[in-house]
Amino acid sequence: MTEPSPHPAPSQQPPAKRAPGWLAPALVASLAVAVTWGIGVTVFRGALVDRGLPEVVADATQDQQAQWVYGSQLADLGHQAAGLATLAETPEISAALTDLSTSLSQGAALLGELRFEDQGAVALAESYSPEALETLTSAVAALSSSIPSFEEPDMPRGETLARIAFQINSDARNALSLGDEEQAASLPNALSAGGGTSDQGSVEPPSVACLTDHQLLEGTNAPEDPALVESVAFARALDRGYALDYTLQLNAARSSKSSAKALEQQRIELNTQLRTLRSALPDGCADLRSAAYDLPENGLEALDEAASHAAQDYADALVTAAGNLAGERQASVASIATEVLIDQQKALDAHPLLITASE
């Protein structure tokens, strides 16, 4: 048995490549003891006790177990991607698989792993083939489509899981598109399965409630009351969308006719998204928006920059919300987040989704 090691500090984590068009994160510095394991979660506790693991692992909560399961799955796929990258037929496919391996490995490092000494090594491809590429990327996309469900809400953990899911999904699509664009387009989207399950069985979708406290919309920290995590994450995404709409409206009013037309088209697409988000709230909820959408100092003279920041805030809030919901609501918000992330990916000034403190 290999002893679990402390989770690496951000500066010690494996470097992540910069993937233009994906979000810069507020990554959690330490989510768990760094452990990986490869046993089914339904027999996790019995297996741990039988093998006499250290207390820190044997006494892990169900949520910690589910997190480590996901981390170990990421690590295994990361090894497979790295192996296939060395066999790839072209430098482009090799580079794309290396990027995929990096994202998977970083995700595993963030979530934690536990691996037994008597556990067999991950099976690696012996040669490259289009079928091997499809099998690997399909497995990655399937894993990204449903993150684990947890008994206790944890906003930073949910956000990190969502960021990992969106990033590995994007990398898998990019790698497969180099061989077959049609197959790449058919891969399942990140979080499209509408929530995962733990060994406790299916978890009911969270209730997104009406909020009455404007202060809960401010910042990105988790609310003190864990019961409000889902509602606050959802409300912030909606609020940041409203703020972006406000900025775009100001920008359109002060732009040339041609620029205003493009900005109004952005507002049409944005408001379609906001109506979808708004429809998930209970009937009778009043719009809860920040009291004022204050622009930065001299913001009226730099509305393009203000709109760019507002768009980033909206995308960040959508990813956080997607990682902290379940069921149909998660799938719906994740679909909107995917639209926004793809649009950002086309913008050269967008930030990567995963980035370490050393970069």
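1. Helices here are DSSP runs of H or I with at least four residues, numbered from the N terminus. In this predicted model, arginine 163 and glutamate 159 both belong to helix α6 and lie four residues apart, about one turn of the helix. Their side chains meet in a salt bridge, with an N to O distance of 2.9 Å. Arginine 163 has a relative accessible area of 2% and is buried; glutamate 159, at 13%, is buried as well. A network of salt bridges links Glu159, Arg163 and Asp316.

2. Six salt bridges are counted in total. In one of them, arginine 240 meets aspartate 239 at 2.7 Å, N to O, and both of these residues are buried. Another joins the side chains of glutamate 264 and arginine 267 at 3.3 Å, N to O. These two residues of helix α9 are separated by about one helical turn because they lie three residues apart. Glutamate 264 is partly exposed, with a relative accessible area of 32%, whereas arginine 267 is buried, with 16%.

3. The overall architecture is helical: the protein chain contains 11 helices and zero strands. Of its 359 residues, 48% count as buried. Among contacts with a separation of 6 or more, 81% are between residues 24 or more positions apart. The accessible surface of the chain is about 16900 Å², and carbon and sulfur atoms contribute 50% of that area.

4. Helix α5 (residues 130–144) merits separate comment. Its 15 residues should span 21 Å at 1.5 Å a residue, and its end C-alpha atoms are 21 Å apart, so the two values agree. Its buried residues are Ala132, Leu133, Leu136, Thr137, Val140, Ala141, Leu143 and Ser144. They lie on the same side of α5, because they cover an arc of only 160 degrees around the axis. The face turned away from this buried side carries the exposed residues Pro130, Glu131 and Thr135. The cover over the buried residues of α5 includes α3 (62–85), α4 (91–111) and α6 (155–177).

5. Helix α3 has 18 of its 24 residues buried and is thus mostly covered. From first to last C-alpha it reaches 35 Å, close to the 34 Å expected at 1.5 Å a residue.

6. The largest nonpolar core has 79 residues, of which Leu74, Leu97, Phe166, Leu191, Leu277, Tyr314 and Leu318 touch the most other members. Elements giving two or more residues to this core include α3, α4, α5 and α6. The greatest contribution to this core comes from α8, with 11 residues.

Terms used. Residues are numbered from 1 along each chain as its sequence is written. This is a predicted model: local features need pLDDT of at least 70, side-chain atom pairs count only at pLDDT 80 or more; totals for chains, interfaces and linings use all residues. Side-chain values use heavy atoms; hydrogens and water are left out. The expected span of a helix is 1.5 Å times one less than its number of residues. Buried means under 20% relative accessible area, exposed over 50%, partly exposed in between (1.4 Å probe, protein chains only). The arc is that of the directions from the helix axis to the C-beta atoms. Contact means heavy atoms within 4.5 Å. Accessible areas come from the Shrake-Rupley method with a 1.4 Å probe; for residues, only the protein chains shown count as cover. A nonpolar core is a set of buried Ala, Val, Leu, Ile, Met, Phe, Trp, Tyr and Cys residues joined through side-chain atoms within 4.5 Å. A salt bridge is a side-chain nitrogen of Lys or Arg within 4 Å of a carboxyl oxygen of Asp or Glu.
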